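Trainee: Could you take me on a close look at the inside of this one? I'd like to hear about any enclosed space, and then about the side chains packed in the interior.

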Amino acid sequence: MPSLLQAPGVSARFLDLLAEEPLARSRVLDVGCGAGRLSLALAPASKSVVGLDRDATLIQEARRRSSAAGLANTEFHEADVESEPYEPWTPDLVTAHLCASDAIIEGAARALRPGLCLATVAFHVDQWKETGKVSRFAYDETRMRGVLEGRGFRVEALEVERDVRRFSSVEEGLAAAVGLEDRWKADGRWFRYIAFLESGGRTLTRSHLLVKARRRPDGAP
């Protein structure tokens with residue numbers, strides 16, 4: 001059955017988890033909102049949506065897209081989501097799409113009242129594992145559960161979505177990662193990926209961790 005919410009590039013399962021929440025009476029805080037992809041998908045179903053991101057250019061684009069869509073219940077603000085407090089926005093739901101960190105979870109824990117929800121898509125440790133480097137923003141299931149429970153959340157969903165592309169040649173493998181070349185060259189992953197392909201490897205893994213967690217009464221673990 002199709003999700004009640006639609007957002008290109010966002011997991012349908014994650015959108016289903018969000019659609020379970022009482023969005024119509026919820027003030028949503030979307031941290032690390034980028035150009036507003038998730039914020040704009042949630043806005044028509046929500047009481048209000050505030051998007052925060054440290055990139056001023058992306059915030060301007062989110063505002064432009066919101067205006068073009070005729071949405072009157074959105075705000076977008078430049079903010080460092082790992083250091084600035086969320087409490088002023090009095091959120092009923094905190095979301096973070098591919099922008100998960102211990103600091104963000106901590107911020108959500110401080111801002112959300114008992115019974116309210118944090119939902120995030122994080123990079124899983126298997127993301128781009130063929131490059132031989134785990135992102136510092138990546139989590140495995142055990143670590144994510146520990147961070148959430150340690151901040152007073154009860155985990156309701158903790159699921160891995162994994163897509164493994166398979167290739168028949170080195171050239172196909174390189175073509176699949178062409179959009180990542182500059183970023184991977186900057187941190188050394190590109191050359192390790194080439195070595196992986198030249199040694200016979202023929203995969204590229206995309207792996208995300210889908211999370212939904214609710215604040216326990218009084219934040220008790």
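Mentor: Let's start with the empty space, keeping in mind that this is a predicted model. Searching the whole structure turns up one cavity of 30 Å³ or more, and the volume of that largest cavity comes to about 30 Å³. Its lining is made up of Gly9, Val10, Ser11, His97, Val121, Glu161, Arg206, His208 and Leu210. If you sort those by class, you get three nonpolar, four polar and two charged residues. Strand S8, residues 203-215, is the top contributor to the lining, with three residues.

Now for the rings. There are five aromatic pairs in the structure. Take tryptophan 128 and tryptophan 184: their ring centres are 5.8 Å apart and the planes meet at 70°, so this pair counts as edge-to-face, the cut-off being over 60 degrees. What I like here is that the pair links distant parts of the chain, 56 residues apart. Tryptophan 128 is in the loop between strand S5 (117-124) and strand S6 (138-139), while tryptophan 184 belongs to helix H7, residues 181-187. Both tryptophan 128 and tryptophan 184 are buried.

Then compare tryptophan 190 with tyrosine 193. That pair is tilted, with 6.3 Å from centre to centre and 50° between the planes. Here the partners sit in one helix, H8 (residues 189-198), three residues apart, or about one turn of the helix. Tryptophan 190 and tyrosine 193 are buried too. Put it together and you have one aromatic cluster, formed by Trp128, Trp184, Trp190, Tyr193 and Phe196.

From there, move over to the largest nonpolar core, which has 29 residues. The members that touch the most others are Val31, Ile105, Leu118, Tyr139, Met144, Leu148 and Phe153. Plenty of elements chip in: strand S1 (27-31), strand S2 (48-53), strand S4 (93-97), helix H4 (102-111), S5, helix H5 (141-150), strand S7 (153-166) and S8 each supply at least two residues. Helix H4 gives the most, with five residues.

Two of those well-connected core members also have a charge over the ring. Arginine 143 lies over the face of tyrosine 139, 4.0 Å from the ring centre. For phenylalanine 153, the partner is arginine 215, whose charged end sits over the ring at 5.8 Å from its centre.

Notes: Residues are numbered from 1 along each chain as its sequence is written. This is a predicted model: local features need pLDDT of at least 70, side-chain atom pairs count only at pLDDT 80 or more; totals for chains, interfaces and linings use all residues. Side-chain values use heavy atoms; hydrogens and water are left out. On a 1 Å grid over the protein atoms alone, a cavity is a set of points where a 1.4 Å probe fits but cannot get out, and a pocket is an open set with protein on both sides within 12 Å along at least five of seven lines; lining residues have an atom within 4 Å of a point. Grid points are joined across faces, edges and corners, and a volume is the space filled by probe spheres set on the points. Helices (H or I, at least four residues) and strands (E, at least two) are DSSP runs, numbered from the N terminus. Ala, Val, Leu, Ile, Met, Phe, Trp, Tyr, Cys and Pro count as nonpolar, Asp, Glu, Lys and Arg as charged, and the others, Gly among them, as polar. Rings of Phe, Tyr and Trp (its six-membered ring) pair if their centres lie within 6.5 Å; planes under 30 degrees apart count as stacked, over 60 as edge-to-face and the rest as tilted. Buried means under 20% relative accessible area, exposed over 50%, partly exposed in between (1.4 Å probe, protein chains only). A charge sits over a ring if NZ of Lys or CZ of Arg is within 6 Å of the ring centre and within 35 degrees of the ring normal. A nonpolar core is a set of buried Ala, Val, Leu, Ile, Met, Phe, Trp, Tyr and Cys residues joined through side-chain atoms within 4.5 Å.
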